[in-house]
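Have the sequence and the 3D view open side by side, and take your time. Let us walk through this protein together, one stop after another.

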Amino acid sequence: MSDDFPSRPEEETFSLSDQRPTKEILADEINRHIISNLGEEIYGKNHFRYFNGLAYSLRDRLIQAWLDTQRAYYDGLVKRIYYLSLEFLPGRFLMNYLTSMGLEQSCREVLEKLGLSLEDIEEVEWDPGLGNGGLGRLASCYLDSMASLKIPGYGYGILYDYGIFYQNLINGYQEESCDNWRRQGNPWEIVRREHLYAINFNGRSEAYRDTAGFLRYRWVDTEKVMAVPCDILIPGYGSPHVTNMRLWTSLSTREFNPTVFNRGDYAGAMHEKIMSENISKILYPDDQREQGKELRLKQQYFLVAATLQDILRRHKKQHGTVSGLSDYTAIQLNDTHPAIAIAELMRLLIDQEGLGWDQAWEICNRTFAYTNHTVLPEALETWPVSLIGRLLPRHQEIIYEINHRFLQEVEIRHPGDGLRRSRMSIIAEGPEHRVRMAHLAIVGSHSVNGVAALHTQILKDRLFSDFHQFYPGKFKNVTNGVTPRRWLLQANPALSELITKAIGPEWVVELSKLKELIPLADDPVFRQAFAEAKRNNKKKLARYALRKLGMGINPRTLFDCQFKRIHEYKRQMLNILQVVTRYNRIKANPEGSFVPRTVLMGGKAAPGYYRAKLIIKLFNSVADVVNNDPEVKGRLRMLFLPNYCISQAEKVIPAADLSEQISTAGMEASGTGNMKFSLNGALTIGTLDGANVEIREEVGAENFFLFGLRSEEVEQLRQGGYNPFHIYQSDPELKQAIDQINSGFFLPEENSLFTPIVDALLREGDYFLVLADYRSYLDTQDRVDALFGDQEEWTRKAILNTAHMGHFSSDRAVLEYARQIWGIQPLGN
């Protein structure tokens, strides 16, 4: 059943919290689904069968709650938020559903009676390959909060068949393989085949006169692909409110050509189908080739075209016309990927709904809001005008018209300022004209927000200063947040049970309640229990590492963790340099006293990002030397955990002692990993970058290991003639570490392999200021060692980190969006 049903008289509704099934009913439902959905016998301890039986049982219950939620939306004539994101990173659904529905303990007992464990059943589920990193995980946290807060809305994305890639380590190198996460089916998907939408590409724009004599345009001679909607339900915590992600998959309009097949060209007979359905095959295809660029743009347009048709269908079904669309609809663009939606909505309103430009533009501007997630100019998407003109010819015309009218306004406000018009233009001039998607998003939205206070200030002062002056009040800040349901309650049951026992369960939905832990930081009994929870989590991670990699790690050592996308600005290289220096210090003084440390790293490098992949290889090469040197045994160990994903993060984050948040100041928009680690009692070593600034303000400067240049100092140093070679020459420990890397000390058989990394540091200007921050970082790591030697004080500070993280809840962030940007009230308010 879809969301297309009329309202009906009020009747008894299903409640997830009030009508939990008995254990006997739950067991019967699991068995019934094994038989009816899988066509299998129920005997034996087959984990796959019981996972699916349980999944279908939960889905049945959620569907009824979802129907009630949709009916409440229609009956209440509520305004809805549509969160458009090219990626989501939800993690496994099973435990999240059980936690939200309050069924974890009942389910555990049912499975135990069958001789099964919930943990084993959970491991059957693959992490959904719907996202890559922080952008997708933030989107999923926000959907969790929207459901839990009863904010009417949905997430819209693409149902990728293969995600981004599965990361393997072969001889220390990252190797990508297919992440075929759907190969055994996905019981959570609900396919809505009654709402297929045609998505057009190519063709041409044709002018004509309508019956009233007005000049109109239509997009003709197009190639079509069908968009099939698939829903995955998102339950609110302890609430009957259930929303959904609607994910699109591409379907060819031409499945098979029998004429070509019968000529013996079997591959050719399927060519059209294969090319059409490539759109939803893989997340972020490599865009270094022209075909990759075209596929990325097709994906972005495919998402927004299907979504906007769905939004208009739903709105017109209830309200009849599109004239009041912005009164009942808010659309949040999660970064620039869906920004082509602005041109698409204008096309739909003008060409199909017959509105005039001014009315359509007012609706469009009041409907859209844009979240920026980067301060890196190279990460701000631009598309060649020639590519847009070929794939989306009508949209090219609309974008040019938007730009023309916008630049007229700029000229009125700033007459004769050609440089300003050039800087602000949506179309970037040059040898190849390009469409600046961030500029289109800013001009076409009523609100633009950054995701941390520092990030937003950089947008206003540097990156988009002209737009900030032109649109006073348009730029806002909404600091990112994480859902405590997954990242503390579900991921860290040992700590969450301790917290609940100490202050009650309300913190799960009101994270600011964690402040009640502050006085307990001075309670020796609570400190001991907190430390014990951390030790147990470290033991779990050690068992995981042993099972996955066959390598043992000592839970008594300091777990030093850096887990994030591999990128030069995130400075995994700085971490490697400190490990090499630590190794050299131990070698120079083998009888010395050193705090034992296990350095753990994880993250994926983009397939085409050679230098980032080389950093992974360097880490593993250093690890081969360090881990096999008997003189450092028990004092230093390194481990790279491959294929970092949500289920792995749920094991790493609760076990971390030290959280490495060491990006170049002014280059990280916000980060959310920093929040998750701190929430789980890790201390942070970091720069004043992204949300680190606000985390340090909340937890207290004395509970945060700060080092390095500030963002304004970074800019001054770059402008003033930074000389990394001078730093290298003047710091003996740094010089020794770099020389070892450059000489092949860590990989004698390929002694020049890491030369490109050294060249970036010494000969290409060290853009990310690794050497500039090296000494400050090393000195701060010495402070880390000193504090870890005092376990009572370390634990006290860890408790205070957890206690002060209430501000970084995604519930707080979503409420700020709802009040400041979307103009939406929680259901029932």
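The paragraphs below visit a few strands, then a helix, and finally a spot on the surface. Keep in mind that you are looking at a predicted model.

Let us begin with strand 11, which covers residues 329-334. Is this strand enclosed by the rest of the structure or open to the outside? All 6 of its 6 residues are buried, so strand 11 is largely enclosed by the rest of the structure. Buried here means under 20% relative accessible area. You can check both faces of the strand: Thr329, Ile331 and Leu333 lie on one side and are buried, and Ala330, Gln332 and Asn334 on the other side are buried as well.

Which strands pair with strand 11? One partner is strand 1 (residues 80-84), which runs parallel to strand 11 and is joined to it by 5 bridges. To find this pairing on your screen, look for Tyr83, whose bridge partner in strand 11 is Gln332. Another partner is strand 12 (residues 368-371), also paired in the parallel sense, over 4 bridges. Here Asn334 is a handy marker, as it stands opposite Thr371 in strand 12.

Now move to strand 9, which spans residues 223-235. This strand is mostly covered, with 11 of its 13 residues buried. Strand 9 pairs with strand 5 (residues 190-191) in the antiparallel sense, over 2 bridges. In that pairing, Val191 has Cys230 of strand 9 as its bridge partner. Strand 6 (residues 197-201) also runs antiparallel to strand 9, and 5 bridges join the two. Look for Ile199 there, and you will find Val225 of strand 9 as its bridge partner.

Strand 9 has an antiparallel pairing with strand 10 (residues 242-252) too, and 11 bridges join them. One of the pairs to look for is Pro229 with Trp248, the latter in strand 10. Strands 9 and 10 form a hairpin, with 6 residues between them. Within the turn, Gly238 has a positive phi of about 60 degrees.

Next comes an open sheet of 3 strands, in the order 13-15-14, with antiparallel pairing. Which strands stand at the edges of this sheet? They are strand 13 (382-384) and strand 14 (427-428); each has a single partner strand, so one side of each is left without a neighbour in the sheet. Strand 14 pairs with strand 15 (residues 434-436) over 2 bridges, in the antiparallel sense. If you want a pair of residues to aim for, Ala428 has Arg434 in strand 15 as its bridge partner.

From strands we turn to a helix. Leu734 sits in helix 30, which covers residues 732-743. With a relative accessible area of 0%, Leu734 is buried. Follow the chain from Leu734 to Tyr774 and you will have gone 40 residues along it, yet the C-alpha atoms of these two residues are separated by 7.7 Å.

Our last stop is on the surface. Here Lys539, Lys540, Arg543 and Arg556 gather in a patch of positive charge. Where does Arg556 lie? You will find Arg556 in the loop between helix 22 (524-549) and strand 18 (558-563). Its relative accessibility is 72%, and Arg556 therefore counts as exposed, since the cut-off for exposed is over 50%.

Terms used
Residues numbered from 1 in each chain as written. Predicted model: local features only at pLDDT ≥ 70, side-chain atom pairs only at ≥ 80, totals over all residues. Heavy atoms only, no water. Patch = residues over 30% accessible without salt bridge, like charges linked within 9 Å, V, L, I, M, F, W, Y side chains within 5 Å. Areas by Shrake-Rupley, 256 points an atom, 1.4 Å probe, with all protein chains shown as cover. Salt bridge = Lys/Arg side-chain N within 4 Å of Asp/Glu carboxyl O. Lys, Arg positive; Asp, Glu negative; His and termini not counted. Charge placed at Lys NZ, Arg CZ, Asp CG, Glu CD. Buried < 20%, exposed > 50% of the residue type's maximum accessible area, 1.4 Å probe, protein only. Pairing = 2+ DSSP bridges.
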